[in-house]
Amino acid sequence: MKRRLRQCEYLIVLLFKIILYFLVFWIFYRIYAIENWQMLKVNRTAAVTGLSYLISGYLFLSIYGGYDIGKRKSKPIIISLSLAAALTDLVAYVMLCVMNTNENNNQRFTLEQPWLLLIIVALQILVINIGTYGGNWVYFKIYEPERCLIVTSSQRALNEISRSIRKYKLQYKICRNMDYRNETLRDAIPKYDTIFVYDVPIMERTQIVEFCYQNMKNVYINPEMADVVERNAHHVILDDVSLFELSSLGLRPEQRFVKRFFDIVISVIALVVTAPLLLICALAIKLDDGGSVFFKQSRATRGGKIFAVYKLRTMKENVDNYLSVVDDERITKVGQFLRRFRIDEIPQFINVIKGEMSVVGPRPEMLANIFNYTNDLPEFEYRLRVKAGITGYAQIAGKYNTSPKDKLVLDLMYIEEYSLWMDIKMIFQTLIVIFKKDSTEAFAIDTDITYEKYYDSVYAGEASEKAE
């Protein structure tokens, strides 16, 4: 019975998805049809507006993620769908205004009834909230949490993965944990639905994964360097032998040219649009403590080249320089606001125009941290194969206090899978970070402990968990 329910999972989710997407579309189309009667008939205006809504909706859903109830928590789904719906509405609305610019309607391009757009977005967000919370409620009434077995190599690794799994209590139930060297492991695996294999040597991990595949078990593994490289592999056949080609040449010349052109265009637009905001922030910083507006610090970019990164100052002047921690007294009141919404990063578009950074790429680390990270993770230097970025995969998918290794994996995934479309997706997905309260979550250590000491303690398995 349980397996049959799992087989019907796709159909159940699909039904909810069709209903929700139709309602979101209907709200936009029907409300604007009140003032635009032509949208209710078969004509060019209706066709262009409807088609632009469907195409842009598909693109924004592919950027932000769709209605994946049962997989994600409700709030992230609501944020993703709300952003996708709002941007889709905007595109379709502009196209409708374009179509209404003709000799029989508006002689010049006019934004008609813009206030209706706010009502539409508000109603759509209401529907998305009801559909998401309701959909997850129904889903978890039907499906019980998957019974999980954790296979790992140490108590530290077990604590790390367990802490993450427990945040998804409706999806997963931890029933048992075992060391990968346990002789009874193969007898235990068939008893559980899902197997988490974390921090296990690659050779042994491969054997465990093959056994799980043989027994039709879901498997989660934490990626290592070899896994990241294989994601960009190309399948080739020499004679009749199948091989994977693993290319590690970095960005091609044409990719660098396109990326540089894209960076300059986006940076110029961003600085022009945010100029009033930067002026207001500069005044707020000055009025707060009378100190300097900007903060400069040496960071490393492609090839290990050192440059001065620009930021709006968020900390008091003349204080020790290390990564921020919980209840950090060095951060000013204005700085807390700037950090929360990532406004302090805006001046880095100047670094992009100067060619020192890119809009999207691995975040530039402090020089001391690069030295510390590389000592423990030699692969960390691979991040320097591309320019440092204002935003990146590690900042969108991770948090400020995500472990160095997990950030490294995310950054390397970006480098290996780079494309212009990925850069565009990352820029739009950066909006999600603003709504994630834990995106700027600081390190949970005392303010008189330097980050270098904290780094050592993390890998000795002694990191504090006060933030939990």
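**Salt bridges, a buried strand residue and unusual backbone angles**

Arg252 is partly exposed, with a relative accessible area of 46%. This value, like those that follow, comes from a predicted model. The salt-bridge partner of Arg252 is Glu254, and the closest N and O atoms of the two are 2.6 Å apart. Glu254 is partly exposed as well, at a relative accessible area of 44%. The pair is one example from a longer list, since a search of the whole structure finds 16 salt bridges.

A second group of charged residues is centred here on Lys311. Asp344 forms a salt bridge with Lys311, with 3.6 Å between the closest N and O atoms. This pair brings together distant parts of the chain: Asp344 belongs to the loop between helix 11 and helix 12, Lys311 belongs to strand 8 (residues 306-312), and the two are 33 residues apart. Asp344 and Lys311 are both buried.

Lys311 also forms a salt bridge with Glu345, and here the closest N and O atoms are 3.8 Å apart. Again the link joins distant parts of the chain, from Lys311 in strand 8 to Glu345 in the loop between helix 11 and helix 12, 34 residues apart. Glu345 is buried, as is Lys311. Together with Arg363, the residues Lys311, Asp344 and Glu345 are linked in a network of salt bridges.

The loop between helix 11 (333-340) and helix 12 (348-353) also holds Arg342. The phi of Arg342 is near 60 degrees, which is a positive value in a residue other than glycine. Most residues other than glycine have a negative phi. Arg342 is partly exposed, with a relative accessible area of 25%.

Met216 offers another case of a positive phi in a residue other than glycine, with a value near 55 degrees. Met216 sits in the loop between helix 8 (202-214) and strand 4 (218-221). The relative accessibility of Met216 is 65%, so this residue counts as exposed.

Attention now turns to a residue within a strand. Val151 lies in strand 1, which covers residues 146-152. With a relative accessible area of 0%, Val151 is buried. Which residues does Val151 touch, not counting those up to four places away in sequence? The contacts of Val151 are Met178, Tyr180, Leu185, Ile195, Phe196, Val197, Tyr198, Val200 and Ile208. For one of these, Tyr198, the separation from Val151 is 47 residues in sequence, while the C-alpha to C-alpha distance in space is 6.3 Å.

The cysteines complete the picture. How many disulfides does a search of the whole structure find? The result is zero. For Cys175, the reason lies in distance: the closest cysteine sulfur, in Cys148, is 6.8 Å from the sulfur of Cys175, which is too far for a bond. A disulfide would need the two sulfur atoms to be within 2.5 Å. Cys175 is partly exposed, and its relative accessible area is 32%. Cys97, in turn, has a relative accessibility of 1% and therefore counts as buried.

Definitions and conventions: Residues are numbered from 1 along each chain as its sequence is written. This is a predicted model: local features need pLDDT of at least 70, side-chain atom pairs count only at pLDDT 80 or more; totals for chains, interfaces and linings use all residues. Side-chain values use heavy atoms; hydrogens and water are left out. Helices (H or I, at least four residues) and strands (E, at least two) are DSSP runs, numbered from the N terminus. Buried means under 20% relative accessible area, exposed over 50%, partly exposed in between (1.4 Å probe, protein chains only). Contact means heavy atoms within 4.5 Å. A salt bridge is a side-chain nitrogen of Lys or Arg within 4 Å of a carboxyl oxygen of Asp or Glu.
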